[in-house]
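Here is a short briefing on one protein model. Keep the structure in view as you read, and find each residue as it comes up.

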Amino acid sequence: MIKKGFLSLFIAFVLFTVFVFFPNSWIKAWISDEDVEQAKTNMSPLVFQGMYLQERMLQEPNSMPLYGSSELNRFDPFHPYNYARATNAPYSTFMIGRGGMQSITHFLNFAAQEKNLKDKKIVFIVSPQWFTKKGMGELHFSPNYSMLHAYDLAYNKDIDVKLRNRAMERLLEFETVNRDQLLRTIYQYQLSNGKERPIVGRLAMLAGHFQKALLEKKDLYYSLFPRESHKLKSNDKLVANQTFEQQLKNAEKYGKKRVTNDLMIENKFYKRLVNADLTKFKGSRKNEDYTVSPEYEDFQLVIDILKDAGAKPLFISIPVNGYWYDYNEYPQERRQKYYEKMEQVLTNANVPYVNFSDHEYDPYFIMDTIHIAWKGWVYVDQELDNYWTQS
């Protein structure tokens, strides 16, 4: 029994050693262009919490990535990925985002990819519902958090030191980060400029290097496995060889088949709301206010990291479903104050942006309560075309 136990330990040690010391360049050689292409629409956490597949996608000269949250996986014929492919646009898109992703998780991702963002045109979709009174909570932060990105931040020499410190201070407010004693110690050591617990801090920095290397290796191994693309729900004839006006008409027809209620919510989702007792949502947002939120500071981190990287972002401010928010009794006047504040933030930052707030009551611009789709994507596609042609 002892010999068998020793043999098992020995085999485990050998496998672990092979895992750690297998050359990264050899692993990368096994990741095909097809694997990278499939990852563009996979929307898997393994993609947005990792580094290598994103690095490959960002290094494609004609790629224009879209960053946002759950609206990105609402695929339909007018979705930017389908549009760019069907119309042979001079750019291709890939999506980084899913439900619960907000500014701070995107910041970490941008910081990790800073060297690949210089002069890169990207699109960042801003959702109003991010800007709640309490801001991003642990419930949304934890499943979207990338330990690899968080460790990379501590050793990132490309990023401005003051910007890095602001981000580390913010990240230490999350329990997910604080539970990682090694990372917490590294952040505190860095924030104190090496003065707080210097011996422990130096040891933590050394251990952190090894931890970061293991996480990078793990990311590479995960990148080896093929991942299935989302069902794209494409219909090229609705966008290819069509003018902007024709695409809008096609999107309206597409939406009319799927929305037959006064709240302008896709029927299948509306049915779920009815089954959950629609009346309980009446007045549910009357005390909400999107003009005061910690999210604004997190969003400023996104703006600042993109400037620090020399990226060329286009920000898209999307509206809510006006019909639904009226039902929730979130006053239109208060919603307008949010739109105005967001526009002011973007104007003060001197970054290109598109404000779609006047489409709150535009039928089929929003597919449910908050997610852009159909007609909304047609407007976004036009903005992507325009932005790509600008110098």
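Start with Lys-218, which counts as partly exposed because its relative accessibility is 39%. Lys-218 sits in helix α13, which covers residues 198-224. Keep in mind that this is a predicted model. The points below go through a pocket, salt bridges, a surface patch and two backbone angles.

**Lys-218 and a partner along the chain**
- Look from Lys-218 to Leu-148: the two are 70 residues apart along the chain.
- In space, their C-alpha atoms are separated by 9.5 Å.

**Salt bridges**
- The structure holds 15 salt bridges.
- Helix α13 contains one of them, where the side chains of Lys-212 and Glu-216 meet.
- The N to O distance of this pair is 2.8 Å.
- Lys-212 and Glu-216 are four residues apart, which is about one turn of the helix.
- Lys-212 is buried, because its relative accessible area is 15% and the cut-off for buried is under 20%.
- Glu-216 is partly exposed, with a relative accessible area of 25%.
- Arg-335 and Glu-360 form another salt bridge, with 2.7 Å between the closest N and O atoms.
- Arg-335 belongs to helix α18 (residues 332-349), while Glu-360 is in the loop between β5 (353-355) and α19 (375-389), so this pair ties together parts that are 25 residues apart in sequence.
- Arg-335 is buried, at a relative accessible area of 2%.
- Glu-360 is buried too, at 5% relative accessibility.
- Glu-37, Lys-40 and Glu-60 are joined into one network by salt bridges that share partners.
- Glu-173 pairs with Arg-170 in a salt bridge, and their closest N and O atoms are 2.7 Å apart.
- Glu-173 counts as exposed because its relative accessibility is 56%.
- Arg-170 is buried, with a relative accessible area of 12%.

**The largest pocket**
- The largest pocket holds about 340 Å³ of space.
- Which residues are closest to its centre? Of the 19 residues in the lining, they are Arg-74, Lys-233, Glu-266, Lys-268 and Met-367.
- The lining of the largest pocket has nine charged, six nonpolar and four polar residues.
- Helix α15 (residues 267-275) gives the most to this lining, with three residues.

**A nonpolar surface patch**
- Leu-46, Tyr-222 and Phe-225 make a nonpolar patch on the surface.
- The patch has an area of about 300 Å².
- Leu-46 lies in helix α4, which covers residues 45-48.
- Leu-46 counts as partly exposed because its relative accessibility is 36%.

**Positive phi angles**
- Asn-88 is not a glycine, although its phi is positive, at about 55°.
- Find Asn-88 in the loop between α6 (80-86) and β2 (95-96).
- Asn-88 counts as exposed because its relative accessibility is 67%.
- Glu-329 is a residue other than glycine with a positive phi, near 65°.
- Find Glu-329 in the loop between α17 (322-327) and α18.
- Is Glu-329 buried, partly exposed or exposed? Glu-329 counts as partly exposed, with 34% relative accessibility.

Methods
Residues numbered from 1 in each chain as written. Predicted model: local features only at pLDDT ≥ 70, side-chain atom pairs only at ≥ 80, totals over all residues. Heavy atoms only, no water. Patch = residues over 30% accessible without salt bridge, like charges linked within 9 Å, V, L, I, M, F, W, Y side chains within 5 Å. Areas by Shrake-Rupley, 256 points an atom, 1.4 Å probe, with all protein chains shown as cover. Salt bridge = Lys/Arg side-chain N within 4 Å of Asp/Glu carboxyl O. Helix = DSSP H or I, 4+ residues; strand = E, 2+ residues; numbered from the N terminus. Buried < 20%, exposed > 50% of the residue type's maximum accessible area, 1.4 Å probe, protein only. 1 Å grid on protein atoms, 1.4 Å probe; cavity = no way out; pocket = protein on both sides within 12 Å on 5 of 7 lines; lining within 4 Å. Points joined across faces, edges and corners; volume = space filled by probe spheres on them. Nonpolar A, V, L, I, M, F, W, Y, C, P; charged D, E, K, R; others polar.
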